[in-house]
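Q: Could you walk me through one part of this structure, step by step? I have not looked at it before.

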Amino acid sequence: MNINDTIPQNVANGVEDTSVWMWLALAELIVINFLLYKLWRCRHARLSGMGFSKNDLRHTDSTNVGMDNLINSITKSDELYKELSRKYHPDKFVNTPLYPIAQELFQKISEHKKNYYLLSQLKEEAIAKLKIE
């Protein structure tokens with residue numbers, strides 16, 4: 001009895017080993033493609049969750065950004081926020097009819113504490129509504 005008689009012919013030629021490795025490589029390719037698809041969907045979902053679309057991101061270079069507001073937001077917004085939060089804090093208006101107005105304004109001030117332009121608008125609004133300078 002010869003050793004080649006006991007081994008099937010396709011295994012002896014190496015065909016069996018090649019097909020196993022081919023199927024393994026194909027399975028890996030499918031897994032990699034699936035993971036890339038999930039990554040793409042995650043990135044797309046993250047952008048749409050923030051309210052951006054691809055067109056919004058493409059046109060960011062052509063939009064006009066108020067550089068004055070940007071620089072003021074960086075440098076002066078903290079000072080204005082501290083001033084407004086001290087002057088128009090709702091605790092100063094307890095047991096007065098201005099309390100709900102002060103509470104609403106203070107919430108808006110807290111939401112926009114890094115935006116100088118909106119803080120300056122809220123200051124004007126607070127002066128008009130609360131009649132305090």
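Q: Which residue follows α8, and what is the sign of its phi?
A: α8 is followed by Lys131, and the phi of Lys131 is positive, near 55°. Bear in mind that this is a predicted model, in which local features need pLDDT of at least 70, side-chain atom pairs count only at pLDDT 80 or more, and totals for chains, interfaces and linings use all residues. Residues are numbered from 1 along each chain as its sequence is written, and side-chain values use heavy atoms, with hydrogens and water left out.

Q: Okay, and what caps the N-terminal end of α8?
A: That is Asn115, which has a side-chain oxygen 3.2 Å from the backbone nitrogen of Tyr117.

Q: Which residues of α8 are buried?
A: Leu119, Leu122, Ala126 and Leu130 are the buried ones, where buried means under 20% relative accessible area and exposed over 50%, with partly exposed in between (1.4 Å probe, protein chains only). Seen down the axis of α8, these residues fall within an arc of 60°, so they line one face of the helix.

Q: And which exposed residues does the face turned away from them carry?
A: Glu124 and Ala128 are the exposed residues there.

Q: What do the buried residues of α8 pack against?
A: They pack against α6 (77-87) and α7 (99-111). As a related detail, Leu105 touches Leu122, Glu125, Ala126 and Leu130, not counting residues up to four places away in sequence, a contact being heavy atoms within 4.5 Å.

Terms used:
Helix = DSSP H or I, 4+ residues; strand = E, 2+ residues; numbered from the N terminus. Arc of directions from axis to C-beta. Polar contact = N/O pair within 3.5 Å; in protein donor to acceptor, adjacent residues only side chain to side chain.
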